[in-house]
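User: Hi! I'd like to go through this model with you and ask how each label is earned. Shall we take it step by step?

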Amino acid sequence: MFLNIMFLLAAGATIGGSFLTATSKNLMHACIYLLLTLFGVSGLYATLGADFLAATQLVVYAGGVVILMLFAIMLTGGVREFVNKFGIDKVASMGTVKTYSIAGFMVVIMSFVIMKILAPIFKSYAPGELPGFSTTVEKIGTLLITDHVLAFEISSILLLGALVGAAVISRPGRTR
Amino acid sequence: MDYTISSVAPIVLLPFFAFVINAFLARKGGKATVAAVFLACASIAGSSIYALKIFKDFVFGNYAADYYIHKVFTWFDLNGGGQEFAVNMGIYIDNMTAVMLVMVTVVATMIHIFSTYYMHHDMNYGRNGRFFVYMSLFTSAMLGLVLSDNLFSVFIFWELMGFCSYSLIGHYYEKEKTGNASIKAFMTTRIGDVFFLLGIVALWTHIGSVSFVDLYAAIANGAFSGVTVLGIPLATFCAVCIFLGTIGKSAQFPLNVWLPDAMNGPTPCSALIHAATMVAAGVYLSLRIYPLIELGNLNYFVACIGGITALGAATIALVQTDFKAVLAFSTISQLGYMVLGVGVGSYNAAFMHLITHAIFKACLFLAAGSVIHSLHDHHTHEHVQEMPRMGGLRHKMKFTWFAMWCCTLAIAGVPFFSGFVSKDRILGDALVMATHSPKWIIPTALGFIGAFLTAFYMCRMMFLAFHGKPRDKEVYDHCHEEHFSWNRNLPLLFLSVFTLGIWFSGSLTGQGVVKVADAHHGKYEWFQTLIQKPVVSKFTTMQREDFSGMDTRVKNSAEKSHYDHNHGLNEEEAHHVHHVHKIGAIASIFIALGGIFVAAMMYLWNKWNPGFWVNTFNRYYRTLQNKYYMDDLYIKGFIQGLLIPFNNLLSRFDMGFYDKYVVDGWAVVVRYLMNVSKWFDNLFVDTIMVDGTGASVRFFNVILRTIQSGKIQFYIIMIILVIFGYILAL
Amino acid sequence: MISLPSYLIISFCLFIAGLTVMIARKNIIAMLLGIELILNAAALNFAAYTRFINQNLDGHLMSLFIIVIAAAEAAVGLAIVIRFFQIKESIHIDDATELQS
């Protein structure tokens, strides 16, 4: 039951977020809606029992990529209306109903995810008994090192390449 | 004796190879020309050796009147192997051929040797040996004609000789009259040759072969009976046409105008070609096709032509003052005698006269050349040829004088010389024919009168030139004494030796005395027995047979006939002939001696005045001087009157109509077609295909260019669409 | 009620949305957002299949790698965008038509 509700919430967040990303005119709003979508996807991962995946999704995607996007938008002056809407002369409000609802939604989902992950903790264990919940972390870790070590290593090199490449491409001072 | 082509072919091929080599070698000048001359003389000498070998085999070996050797190869066959319309080339040697070969080669050798003396100063042996080049070609052609076994090859060699004659007459081509003379010679003989070819073709069409052997067989088998061409019996038609070739080549009555002008050539050429061999080729041809002439009842016609020629030329020769012109007309006259002999039926005598005439006429010409060469006019720097300027030369040129007298006596018909033997026999046979029917009296009379005139004018020539007082002192003084030089005098003496009658016949009348004794045949006349009319009945089995894949056939007649004392006649006829011949011989002797006597009276002892005769027959004299106006007839009558207007008409047609309408009209048509083609090219090729291709490319380019818009979102859409399409298609 | 098709439908909707963003928007960074949505759709798909069909966690790993790659790609992509902005002074997609024929 709990799972169904969480599924519905996460699904709704995903689909709604994606729809709104597609249709919103404002680029910043689109990024925020993307964030919502990513939270929803994370929740979906949680309902699937992929706890590690959900956590990684939150950390990397929601915490990394979107922030990166936002930085890039701001660096390239992507959204002109942003300056008009929330200009210096106007008092920046804390947000509208929309933003708060979105945030609350996200919190709910996140909490659900964490609760799902940490659900076995709330059981009482007799002293000396290890918690019987199984996370996928251990299995994924084992798989990474044994079966898929090649992909693991190559992805590490890829990340190195991406890091160096990104730094080199956008290096200031490169003449035309 | 088994003859192969290789034992006979050198006769023709040696001079021919000499010609080919000399054509390149002789032009070089200097030592090369000397080598070329030597090669020419050596080649003809080699041919004479082969000819002598054949002669020896025929005369001293297989002695039979109808023995012959015939070798054949197929030149081309229009029926593809069926021999229906095949032309087979080959050699045909019978007794007549053997004798003729010897005569031609030996006389030609002598003339070549003489030419080394005569042509020595004419710009290095005849303009760098050109003379010898043509002489070699000529001798090879003549020998080929003598050896040939069919009319086609006769015609080929005939024409080749005509070309050589043209080249040799025109040897001194800077003089305009020489060029005209050579063209005149060629054209006149050409007229005869056209009819000759017509005769050959008519013969070929009806018989299917042009070989002599097949001709004789066809006559024997009666292939000619009842066949007519244009209403004329075939035999007559063919015989007339072929005989017209003889008329042209042997300078008989209507076509004799070229021979006097042929004297413009060098004297050795005149000796060889226009005395001994080429003009004799016409008579040789007539002798070969004699059965056809007999079958076509042409004897009287031939005899009349011969008689007219003999007498006409003799009369013209009476009034000539040029040394060589007298000899030229005498040649025409003697050729007339030969043709008269053919017509009368004395096959043997005509051929003998051919041989003897060749020898003494060649000697006469060479001697004349020697005389002319020695007489030099210092004013005009030319050699003197006019007899009025000669006289008394016998003191200066003894050898030439001696040789010329031998030959003159021979031609005059003095007994014990060869000319008497042959000419008398002709006249005797003519007399026999005259006793049979009156119409033969005319040729006979012409012959006898001509004999008288022959003796007269020849001796006149001799007396004017060699005897008496020198008329032109300057010329006489500058004339060199004659020393014996081997290449000038040896040929003369050699030839004059053979003017004796003993070589040809042992008797006065040429009947019945031993010349060659043979165990089989007893005593007989060699020449008279050797050469006889081809008996066509012996050829019936020799006609065209299936070759069965082989392309040579050898036909030897192994039959040796017996010497017929009566020459095929019964006893009474033979006695009659013998009797008439005796009468004719006596008449000939008187005529000859009479002619010499008259000439001596007029020119040697100057008792009778020739001027008297000239004045009495003044108009006739002038006619004779103009050669019966025959040249004028041809030039003014035919050429200027007929041919040139016709030529103008044709040229008007050609230029006015053909050039203007046909040729230029064709150009107009072509130009129109060119415009059509240009329109087509512009429309279809240029506009549609070439420009159209470009336009269509550009059109599609506009459409296809949008694919590469550079817009990323377009590319993404395309990718998605293609993937979805691929998934759907699966 | 929670079954494989429902996750697939969600994944499908995410994909469509991402595709729409990529095609329809004219801002390069917006297109990158679309790319992220698409990648997430794929990862969700993998994870769903692991749960319902194949239980050996290969799908989870694939999703993990997708996340890693997506992060790297976002970094490099944004670096390119910044470079593009430095050159062209614009981040409109229609300005990136150097390959136009």
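User: What share of the 176 residues of chain A count as buried?

Analyst: Happy to help! This is a predicted model, and in it 37% of the residues of chain A count as buried. The label goes to residues under 20% relative accessible area.

User: Which secondary structure does chain A have, and in what pattern?

Analyst: Chain A has seven helices and zero strands. Along the sequence this reads α-α-α-α-α-α-α. As for contacts in chain A with a separation of 6 or more, 66% of them join residues 24 or more positions apart.

User: And what are the corresponding values for chain C?

Analyst: Chain C comes to three helices and zero strands, running α-α-α from the N terminus. Of its 101 residues, 54% count as buried. Residues 24 or more positions apart supply 56% of the chain C contacts with a separation of 6 or more.

User: How many helices and strands does chain B have, and how much of it is buried?

Analyst: Chain B has 26 helices and nine strands. Buried residues make up 55% of its 730 residues. Among chain B contacts with a separation of 6 or more, 79% are between residues 24 or more positions apart.

User: Why is B:His357 called buried or exposed?

Analyst: Set the value against the cut-off: B:His357 has 1% relative accessibility, and buried means under 20%. B:His357 therefore counts as buried. The residue lies in helix α15 of chain B. Leaving aside neighbours within four places in sequence, B:His357 is in contact with B:Ala275, B:Thr331, B:Gln334, B:Met338 and B:Ala362.

User: What makes a set of residues a nonpolar core, and which residues of the largest one touch the most other members?

Analyst: A nonpolar core joins buried residues of nonpolar types through side-chain atoms within 4.5 Å. The largest one here has 196 residues, and those touching the most other members are B:Met100, B:Leu151, B:Phe224, B:Leu292, B:Phe323, B:Phe351 and B:Ile355. Helix α15 (residues 347-374) of chain B gives the most to this core, with 18 residues. The core also draws at least three residues from each of domain 1 (1-74 + 91-149) and domain 2 (298-543 + 569-623) of chain B.

User: Which residues is B:Phe323 in contact with, leaving aside its neighbours within four places in sequence?

Analyst: Contact means heavy atoms within 4.5 Å. On that basis B:Phe323 is in contact with B:Ala368, B:Val371, B:Ile372, B:Gln385, B:Met387, B:Met390, B:Met404, B:Met461, B:Ala465 and B:Phe466. There is also a second, separate core of 73 residues, which includes A:Ala22, A:Tyr61, C:Leu44 and C:Ile66.

User: What makes a space a cavity, and how many of 30 Å³ or more are there in the whole structure?

Analyst: In a cavity, a 1.4 Å probe fits but cannot get out. The search finds two cavities of 30 Å³ or more. The largest has a volume of about 70 Å³, and its lining consists of B:Asn256, B:Val257, B:Pro260, B:Ile316, B:Phe329, B:Lys627, B:Met630 and B:Asp631. By class, five of these are nonpolar, one is polar and two are charged.

User: And which residues line the second largest cavity?

Analyst: About 50 Å³ of space lies in that one. B:Ala412, B:Gly413, B:Phe420, B:Lys423, B:Asp424, B:Leu427, B:Ala451, B:Ser588 and B:Ala592 line the second largest cavity. Two elements of chain B, α17 (418-436) and α22 (571-604), each give two or more residues to this lining, and α17(B) gives the most, with four. The lining has five nonpolar, two polar and two charged residues.

User: Why is B:Asn297 called buried or exposed, and where is it found?

Analyst: Exposed means over 50% relative accessible area. B:Asn297 is at 67% relative accessibility, so it counts as exposed. B:Asn297 is found in the loop between α12 (290-295) and α13 (299-318) of chain B. Its phi is near 55°, a positive value in a residue other than glycine.

User: How do you know which exposure class B:Tyr629 belongs to?

Analyst: Partly exposed covers what falls between the 20% and 50% cut-offs. B:Tyr629 has a relative accessible area of 36%, so it is partly exposed. B:Tyr629 has its place in the loop between α24 (618-625) and α25 (630-705) of chain B. Phi of B:Tyr629 is near 55°, a positive value in a residue other than glycine.

Methods
Residues are numbered from 1 along each chain as its sequence is written. Chains are lettered from A and ligands numbered from 1 in the order in which they are written. This is a predicted model: local features need pLDDT of at least 70, side-chain atom pairs count only at pLDDT 80 or more; totals for chains, interfaces and linings use all residues. Side-chain values use heavy atoms; hydrogens and water are left out. On a 1 Å grid over the protein atoms alone, a cavity is a set of points where a 1.4 Å probe fits but cannot get out, and a pocket is an open set with protein on both sides within 12 Å along at least five of seven lines; lining residues have an atom within 4 Å of a point. Grid points are joined across faces, edges and corners, and a volume is the space filled by probe spheres set on the points. Ala, Val, Leu, Ile, Met, Phe, Trp, Tyr, Cys and Pro count as nonpolar, Asp, Glu, Lys and Arg as charged, and the others, Gly among them, as polar. Buried means under 20% relative accessible area, exposed over 50%, partly exposed in between (1.4 Å probe, protein chains only). Domain bounds come from an automatic or database domain assignment.
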